[in-house]
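This report describes the fold of a single protein chain, with attention to its sheet and the elements that pack on it. Please consult the sequence and the structure shown below while reading.

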Amino acid sequence: MSGWHIRLARAEDAEGFHDVEEDAAQLLREEPSLEGIPVAPSENADHYRRLIRKGHCLTAYEGERVVGFAAAAPIRRELHLAEISVARTHQRCGIGATLLEALAIDAANSGFRAITLNTYIDIPWNAPFYARHGFVELQDFDGRPHLAESLEKAVELGLPRERRCAMIRFLG
């Protein structure tokens, strides 16, 4: 499958972001090691429209259809990756890796020092995937309270704290 492209996200992509996130979340629902653990609810289109307006979200599309996205927002001198998802029909085609690399280029060109995120430590398409793309696990959240807050919000939703981590990819 190679008919997909990426571009800066547009407001009209927000519904597609929600749909792709909901579709991709099915993998977490089917992950045996997460049995009995709730999957965080998918964000709605209004949430994604707000992020898109900040100017650092990317859309992977095929024809007119959103097939993947990276939704990020600035937090001081860093870009925080709130969500990256690829539709199950388009996974394992390099879309996620391409979105991550394009986001890193955009972030560096915009003067950001790093990209941050929160994810599962042990799910193969989570922390191990990000580690292959230059992210390292953060233990010290000094100067990055948003990461601690995000982890605590995940715990409040019922996600296991011991299986979650914050990661960072330093740029340039």
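L8 stands opposite L58 in strand β2. Strands β1 and β2 (residues 58-62) are antiparallel and are joined by 4 bridges. The model described here is predicted.

**The sheet**

β1 and β2 belong to an open sheet of 7 strands, arranged in the order β1-β2-β3-β4-β5-β7-β6 with mixed pairing. Its edge strands are β1 (5-8) and β6, each of which pairs on one side only. From one strand to the next, the twist averages 30°.

Strand β7 (residues 164-170) has its neighbours β5 and β6 on either side in the strand order. With β5 (residues 114-120), β7 pairs in the antiparallel sense over 7 bridges; within this pairing, L117 stands opposite M167 of β7. The pairing of β7 with β6 (residues 136-138) is likewise antiparallel and consists of 3 bridges, and here L138 has A166 of β7 as its bridge partner. β7 is also mostly covered, with 6 of its 7 residues buried. In a regular strand, side chains alternate between the two faces of the sheet.

The residue pairs and bridge counts named above are collected below.

| Strand pair | Bridges | Residue pair |
|---|---|---|
| β1 and β2 | 4 bridges | L8 and L58 |
| β5 and β7 | 7 bridges | L117 and M167 |
| β6 and β7 | 3 bridges | L138 and A166 |

**Helices across the sheet**

Two helices lie across strands of the sheet at stated angles to β3. Helix α1 (residues 14-30) lies across β2, β3, β4 and β5, and runs at about 95° to β3. Helix α2 (residues 45-53) lies across β3 and β4, with an angle of about 60° to β3.

**Helix α5**

Helix α5 (residues 145-156) comprises 12 residues. The distance from its first C-alpha to its last is 16 Å, close to the 16 Å expected at 1.5 Å a residue. Which residues of α5 are buried? They are H146, L147, L151 and A154. These four cover an arc of only 140° around the axis, and therefore they lie on the same side of α5. E149 and E156, by contrast, are exposed on the other side of the helix.

The buried residues of α5 pack against β3 (65-75), β4 (78-86), β5, β6 and β7. Strand β7, itself mostly covered, is thus one of the strands that the buried residues of α5 contact. Just after the helix, G158 takes a positive phi of about 105°.

**Positive phi in two arginines**

Two residues other than glycine also have a positive phi. R76 has a value of about 55° and is found in the loop between β3 and β4. Is R76 buried or exposed? Its relative accessibility is 55%, and because exposed means over 50%, R76 counts as exposed.

For R92, phi is near 65°. This residue is found in the loop between β4 and α3 (95-109). R92 has a relative accessibility of 86%, so it too counts as exposed.

How values were computed:
Residues numbered from 1 in each chain as written. Predicted model: local features only at pLDDT ≥ 70, side-chain atom pairs only at ≥ 80, totals over all residues. Heavy atoms only, no water. Buried < 20%, exposed > 50% of the residue type's maximum accessible area, 1.4 Å probe, protein only. Pairing = 2+ DSSP bridges. Expected span 1.5 Å × (residues − 1). Arc of directions from axis to C-beta. Contact = heavy atoms within 4.5 Å. Axes fitted to C-alpha atoms, helices over the stretch in contact; angles between N-to-C directions.
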